[in-house]
Amino acid sequence: MKPLINLDLGEISYCIGKEALESSEKYLTSRSKRYILVDENTEKYCLPVFKTKLPGLPYHGVIRIPSGEENKNIDRCIYIWKKLTEMEADRDSLLINLGGGVISDIGGFVAATYKRGMAFINVPTTLLGQIDAAIGGKTGIDFLNYKNQVGLFTDPLAVIIDTVFLDTLDDIFWQSGYAELLKYGLIMDRDLWQMLSGKKYRKIKEWDPLIMKAAKDKVDIVRYDTQEKGIRKILNFGHTIGHSIETFYLNQGKPITHGQAVAAGMICESFLSSQLAELECHPQGEICDTIDLNFDRIELDEKDIPELLKLMKQDKKVRAGKFKFSLLRRLGKAIHDVEVDDELVIKALEFYIHQKKCS
Ligand SMILES: NC(=O)c1ccc[n+]([C@@H]2O[C@H](COP(=O)([O-])OP(=O)(O)OC[C@H]3O[C@@H](n4cnc5c(N)ncnc54)[C@H](O)[C@@H]3O)[C@@H](O)[C@H]2O)c1
């Protein structure tokens, strides 16, 4: 049996599962010209698969940028806009973002701003892209050393999630996606959490149902709150502190993966949950144990805390200088807009740094 979910939600369609690509030809042929955005790895590993699965599909150009978060910036946007112009892409053209979260973030942003908007389709090729980054219409780039500082909400025509691409993904990027999978379990899907709790990501044999479940969890949230005014904010659990750690390392020229940073952020924010959101100590211990089983603690020192706080103040969840966190009330249930003062954030970071165990 082929696992496949087809969701036609009016403006945007989702096709999730094995052979999703073959089932999506109608979206890919819906515009007169097609351009494919790749990085050097997705050009090598994913583009041949894409072409083999859709042999008759004509396309008008491949645009390649170097891989990595350090390339999610305005210079790469300029390069892509230039290439689209040289290749005479017009408003009836389609940009196919074939890659991980970096490609869908920058590709969506470039497409939405090129000639005031050309259509794009996300074909995510990493675990993190398939269960998170490609879904929900958040696009953008890093700017002045702040993550996702410039961007917009703009929906792709379709998101095509075909797990065939994951065959060539490096271990470290499986691990990175695993952090987001754990997050869905924690914030909204207790059954999923119970499947993952105490497990190592490497030991999971059958990923397809988990990917479909997590991708569907995200679709279910973002379709009701496209602009992140309410419930969608719970997806930010682990990300306020996580993003500051990710940026802190990126600024030192030592990038860590998004998932490594979010895993650290989830430990800190589950500590906050235990202080403010009624999350009891026992589940907090279970959360830390499962994260620690899969992720080494990131090296941070108390002297790094002021810089981390400064980076956090640029977070889009800060209102009038106050942190608004998404926290856990219990396993499988998150709440949003919990105001947290600086002192408690510092305690959460100290908790992480000193590896204090929840007794
Ligand atoms: N827009 C959103 O809602 C959202 C949500 C979460 C994360 N993000 C963003 O996503 C980005 C991280 O995404 P990511 O983890 O996918 O990183 P990535 O896009 O950098 O991809 C990770 C690495 O895997 C390589 N790769 C991709 N697919 C491959 C494949 N099938 N086989 C072999 N190699 C492959 C890439 O070249 C890259 O080196 C961050 O910039 C983060 O901010 C966005």
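## A tour from the ligand to the helix contacts

Begin by selecting the ligand in this predicted model, together with the 31 residues around the ligand, of which Asn41, Ser67, Gly100, Gly101 and Thr126 come nearest. If you then colour by secondary structure, you will find that the elements giving two or more residues to this shell are helix H2 (40–45), helix H5 (101–113), helix H6 (127–133) and helix H7 (171–188). Colouring the shell by residue class instead shows 16 polar residues, 9 nonpolar ones and 6 charged ones.

Next, step back to the whole protein chain and give each domain its own colour, taking residues 4–168 as domain 1 and residues 179–353 as domain 2, as the domain assignment has them. The C-alpha centres of domain 1 and domain 2 lie 26 Å apart, and where the two meet, 24 residues of domain 1 are in contact with 24 residues of domain 2. On the domain 1 side of this meeting place, select strand E1 (4–9), strand E2 (12–17), H6 and strand E8 (146–153), which are the elements that give two or more residues to it. Which of these elements gives the most to the side of domain 1 that touches domain 2? It is H6, with 4 residues, and H6 is also one of the helices that you selected around the ligand. By class, this side of domain 1 has 11 nonpolar, 8 polar and 5 charged residues.

Now move on to a pair of helices, and select helix H11 (residues 258–276) together with helix H12 (residues 281–294), whose axes come within 10 Å and cross at roughly 175°. Angles over 145 degrees count as roughly antiparallel, and H11 is therefore roughly antiparallel to H12. To see the contact itself, show the side chains of Ala263, Met266, Ile267, Ser270, Phe271 and Ser274 in H11, and those of Cys281, Gln284, Ile287, Cys288 and Ile291 in H12. These residues divide into 8 nonpolar and 3 polar, with no charged residue among them.

Keep H11 on the screen and add H14, since the axes of H11 and H14 come within 9 Å and cross at roughly 125°, which makes H11 oblique to H14. As you turn the view, note that H11 passes H14 in a right-handed crossing. Here Ala264, Ile267, Cys268, Glu269, Phe271, Leu272 and Gln275 of H11 meet Leu344, Ala348, Leu349, Phe351 and Tyr352 of H14. By class, this contact has 10 nonpolar residues, 1 polar residue and 1 charged residue.

For the last stop, hide H11 and select helix H13 (residues 305–313) beside helix H14 (residues 342–353), which pack at an angle of about 125° with their axes 11 Å apart. H13 and H14 are therefore oblique to each other, and their crossing is right-handed. Which residues of H13 meet H14? They are Ile305, Leu308, Leu309 and Met312, and they meet Asp342, Val345, Ile346 and Leu349 in H14. The residues of this contact divide into 7 nonpolar and 1 charged, with no polar residue. Before you finish, select Leu349 alone, because this residue of H14 takes part in the contact with H13 and also appears in the contact with H11.

Note on methods. Residues are numbered from 1 along each chain as its sequence is written. This is a predicted model: local features need pLDDT of at least 70, side-chain atom pairs count only at pLDDT 80 or more; totals for chains, interfaces and linings use all residues. Axes are lines fitted to C-alpha atoms, for helices over the stretch in contact, and angles run from 0 to 180 degrees between N-to-C directions. Angles under 35 degrees count as roughly parallel, over 145 as roughly antiparallel, 65 to 115 as roughly perpendicular and the rest as oblique. A crossing is left-handed if the near helix is turned anticlockwise from the far one by less than a right angle, and right-handed if clockwise. Two residues are in contact if their C-beta atoms, placed from the backbone, lie within 7 Å. Ala, Val, Leu, Ile, Met, Phe, Trp, Tyr, Cys and Pro count as nonpolar, Asp, Glu, Lys and Arg as charged, and the others, Gly among them, as polar. A residue is near a molecule or strand if its C-beta atom, placed from the backbone, lies within 6 Å of it. Domain bounds come from an automatic or database domain assignment.
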